[in-house]
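Let's take a walk through this model, starting from one loop residue and working outwards to the helix packing and the cores.

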Amino acid sequence: MRAGPAAEMSGEAGAGSFVSAYAGVPAAAVMGAGAGSQGMSSTSPQPGSSAMAQGQTPPATRRAYVAPSARSAPAASAPSARRVASKSASSRGCGGAEIDPSTLSPEAAMARGWCLLDLNRPREAAGAFESAARRGEGRTRQDASYGESLAYLRLGVGDRAAIAATRSLQPAARRIELDTAILSARATSAFEAKRPVETLQALDERARIASERLDLMVLRGYAYLELRRWADARQVFSAVARTGNREGVRGLAALDQARGRFPNDG
């Protein structure tokens, strides 16, 4: 794992919250709509820059700031989990009584973890994978660590996913996949906690390794709006609007509304 995803992001926003300024803007949910497939071809913005990143972004709430679901952040990881689970035919009987994974062999515990993840029971799956990773060796430990990360990402617990990913060195493709999903979850959590500076830090780091989804572009736009970085917010929302995504139009409306409340800023 890269150091960035597992490290704590820092930097509280100095600007006040814009939540009240967004009252009345309709809600919309774009998270998950074509996740990973609606990238835009521009360069990633740095904290002091107005350059645009590629992107998809999380949903706006009725308060018009984006309140994305962290649980959908690892959408790109889920197919991998299902593919691995589908190979474990013997694990298909995991829907019955609860079993202590420590009573199983590491291989059996891992197979149970994939099965539980396939049944959308990530909390139980995380326990099974953790047991397999702790006691297993070689490929078993590597795959179980990967599965544990996916389970925590499904739960929306990005920090736990980052810790799990460090249990074993992963192949490059998996490292990028996990880093991307962990940073998405971190950006989402930071924004929901009203920490737009940390949100932008996570998004900037993520944009260096993967295209920015439209839902995350919207998240970026609202983070800029929270910080009263009007020009950056307008550039992001305009780019989203040009794709035909209505969240871009809503973001521009929220921007105009906010600027009307703070006419002397920027």
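K194 is a good place to start: it is partly exposed, with a relative accessible area of 45%. You'll find K194 in the loop between α7 and α8 (196-207). Its backbone is worth a look too, since K194 has a positive phi of about 60° without being a glycine. As background, most residues other than glycine have a negative phi. N120 also has a positive phi of about 60°, and N120 is not a glycine either. That residue sits in the loop between α3 and α4.

Keep in mind that this is a predicted model.

**The overall fold**

Stepping back, the protein chain has 11 helices and 0 strands. Reading along the sequence therefore gives you α-α-α-α-α-α-α-α-α-α-α, with helices as DSSP runs. Of the 266 residues in the protein chain, 52% are buried. As for contacts with a separation of 6 or more, 68% of them join residues 24 or more positions apart.

**How the helices pair up**

Three helix pairs are set out here, with angles and distances between their axes.

| Helix pair | Angle | Axes | Crossing |
|---|---|---|---|
| α3 and α4 | about 160° | 8 Å apart | left-handed |
| α7 and α9 | about 35° | 11 Å apart | left-handed |
| α10 and α11 | roughly 155° | within 7 Å | left-handed |

Take α3 and α4 to begin with. Angles over 145 degrees count as roughly antiparallel, so α3 and α4 are roughly antiparallel to each other. On the α3 side, the contact uses P106, A109, M110, G113, W114, L116 and L117, while α4 brings P122, E124, A125, A128, F129, A132 and R135. Sorted by class, the residues of this contact are 11 nonpolar, 1 polar and 2 charged.

Now for α10 (residues 230-242) and α11 (residues 246-261). These two helices are roughly antiparallel to each other as well. From α10 come W230, A233, R234, F237, S238, V240 and A241, and they meet E247, G248, V249, G251, L252, L255, D256, A258 and R259 in α11. The contact of α10 with α11 divides into 9 nonpolar, 3 polar and 4 charged residues.

What about α7 and helix α9 (residues 214-226)? Their angle is about 35°. S184, A187, T188 and F191 in α7 meet L216, L219, Y222, A223 and E226 in α9. By class, that contact holds 6 nonpolar, 2 polar and 1 charged residues.

**Two cores**

In soluble globular proteins, nonpolar side chains tend to be buried together. Which residues touch the most other members of the largest nonpolar core? They are W114, L117, F129, L153 and L178, in a core of 27 residues. The elements giving two or more residues to this core are α3 (106-118), α4 (122-135), α5 (138-155), α6 (158-165) and α7 (172-192). Of these, α5 gives the most, with 7 residues. Apart from this core lies another one, of 25 residues, including A187, Y224, L225 and V240.

There are a few links back to the helix pairs. W114, L117 and F129 of the largest core also take part in the contact of α3 with α4. A187 of the other core is one of the α7 residues that meet α9, and V240, also in that core, is among the α10 residues that meet α11.

**Two buried residues to click on**

Is Q170 buried or exposed? Q170 is buried, with a relative accessible area of 3%, although its place is in the loop between α6 and α7. Leaving out residues up to four places away in sequence, Q170 touches Q142, S145, Y146, A165, R175 and L178. One of those neighbours, L178, is among the residues that touch the most other members of the largest core. Q170 and D143 are 27 residues apart in sequence, and their C-alpha atoms are 8.4 Å apart in space.

A190 is in helix α7. This residue is buried too, with a relative accessible area of 4%. Again leaving out residues up to four places away in sequence, A190 touches R195, E198 and T199. From A190 to Q201 there are 11 residues in sequence and 9.7 Å in space, C-alpha to C-alpha.

Note on methods. Residues numbered from 1 in each chain as written. Predicted model: local features only at pLDDT ≥ 70, side-chain atom pairs only at ≥ 80, totals over all residues. Heavy atoms only, no water. Core = buried A, V, L, I, M, F, W, Y, C linked by side-chain atoms within 4.5 Å. Buried < 20%, exposed > 50% of the residue type's maximum accessible area, 1.4 Å probe, protein only. Helix = DSSP H or I, 4+ residues; strand = E, 2+ residues; numbered from the N terminus. Axes fitted to C-alpha atoms, helices over the stretch in contact; angles between N-to-C directions. Parallel < 35°, antiparallel > 145°, perpendicular 65-115°, else oblique. Left-handed = near helix turned anticlockwise from the far one by under 90°. Contact = heavy atoms within 4.5 Å. Nonpolar A, V, L, I, M, F, W, Y, C, P; charged D, E, K, R; others polar.
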